[in-house]
Amino acid sequence: ADGYYEYITSECVYSTSDYSDMVYLNSYSFNKVVDVQFNSTVGKYVGYTEEGLMYAENFNKDQALMQQKKAAVDTLCRPNVQLDDSSVLDKA
């Protein structure tokens, strides 16, 4: 029961069938508190805690990482969501 809980989540959020409003979110959390999050709409990491502000500053300086995260909507989200949607919607 005692201990720490650290986790990273990546989400592709959308509400239209053409995926035009798709947003990629990459969040780093500690003990259920989001420290830092990348939002593809914002285009950078944003810190929400004291530690998160430091993480965001360092992540945002890494140009290779930022290119990868900014491209994630097209390279990660859309292809996978299209596969998921087609396998679910074709069965309906």
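## Ser27 and the chain around it

Ser27 lies in strand E2, and this report starts from that residue in a predicted model, moves along the neighbouring strands and loops, and ends with the chain taken as a whole.

Ser27 is buried, with a relative accessible area of 4%. Its side chain forms a polar contact with the side chain of Gln37, at a distance of 2.8 Å. When neighbours within four places in sequence are left aside, Ser27 is in contact with Tyr7, Ile8, Thr9, Val34, Val36 and Gln37, so that Gln37 appears both in this list of contacts and as the partner in the polar contact. Strand E2 covers residues 23-30, and strand E1 covers residues 6-13, while strand E3 is made of residues 33-39.

Leu25 is a second residue of strand E2, and at 15% relative accessibility it counts as buried. Outside the four places on either side of it in sequence, Leu25 touches Thr9, Ser10, Glu11 and Val13, and in addition Gln37, Phe38 and Asn39. How far apart in space are the C-alpha atoms of Leu25 and Cys12? Although 13 residues separate Leu25 and Cys12 in sequence, the distance between their C-alpha atoms is 6.5 Å.

Two residues of strand E3 can be described in some detail. Val34 belongs to this strand and is partly exposed, with a relative accessible area of 32%. Beyond its neighbours up to four places away in sequence, Val34 touches Ser27, Tyr28 and Ser29, together with Tyr48 and Thr49, and its contact with Ser27 is also found in the list for Ser27. Against Lys69 the picture is another one, since the C-alpha atoms of Val34 and Lys69 lie 18 Å apart in space, with their positions 35 residues apart in sequence.

Asn39 also lies in strand E3. Its contacts, again without residues up to four places away in sequence, are Val23, Tyr24, Leu25 and Lys44, and the contact with Leu25 is listed for Leu25 as well. A polar atom of the side chain of Asn39 lies 2.7 Å from the backbone nitrogen of Thr41.

The loops that join these strands hold two residues with positive phi values. Tyr19 is in the loop between strand E1 and strand E2, and its phi is near 65°, a positive value in a residue other than glycine. Is Tyr19 buried or exposed? With a relative accessible area of 9%, Tyr19 is buried. Asn31 sits in the loop between E2 and E3, and there it has a positive phi of about 50°, although Asn31 is not a glycine. Unlike a buried residue, Asn31 is partly exposed, with a relative accessible area of 34%.

Further along the chain, Leu65 is located in helix H2, which covers residues 63-89. Leu65 counts as buried at 18% relative accessibility, and it is in contact with Tyr45 and Phe59 when its neighbours within four places in sequence are left aside.

The accessibility values of the residues described above are brought together here.

| Residue | Relative accessible area | Class |
|---|---|---|
| Ser27 | 4% | buried |
| Tyr19 | 9% | buried |
| Leu25 | 15% | buried |
| Leu65 | 18% | buried |
| Val34 | 32% | partly exposed |
| Asn31 | 34% | partly exposed |

Turning to the whole chain, there are two helices and four strands, and from the N terminus on these elements follow one another in the order β-β-β-β-α-α. The radius of gyration of the chain is 15 Å, which is well over the 12 Å that the globule rule gives for 92 residues, so the chain is more spread out than a compact globule. Taken along the principal axes, the C-alpha atoms fill a box of roughly 45 × 40 × 20 Å.

What share of the 92 residues counts as buried? For this chain the share is 29%. Among contacts between residues at least 6 apart in sequence, 30% join residues at least 24 apart. The chain exposes about 6500 Å², and carbon and sulfur atoms supply 52% of this area. As for charge, the chain carries 7 positive and 14 negative charges, and the mean positions of the two groups are 4 Å apart.

Notes: Residues are numbered from 1 along each chain as its sequence is written. This is a predicted model: local features need pLDDT of at least 70, side-chain atom pairs count only at pLDDT 80 or more; totals for chains, interfaces and linings use all residues. Side-chain values use heavy atoms; hydrogens and water are left out. A polar contact is a pair of N or O atoms within 3.5 Å; within protein, one must be able to donate a hydrogen and the other to accept it, and residues adjacent in sequence count only if both atoms are side-chain atoms. Contact means heavy atoms within 4.5 Å. The radius of gyration is taken over C-alpha atoms; the globule rule is 2.2 Å times the number of residues to the power 0.38. Buried means under 20% relative accessible area, exposed over 50%, partly exposed in between (1.4 Å probe, protein chains only). Accessible areas come from the Shrake-Rupley method with a 1.4 Å probe; for residues, only the protein chains shown count as cover. Lys and Arg count as positive and Asp and Glu as negative; His and the chain ends are not counted. The place of a charge is taken as NZ of Lys, CZ of Arg, CG of Asp or CD of Glu.
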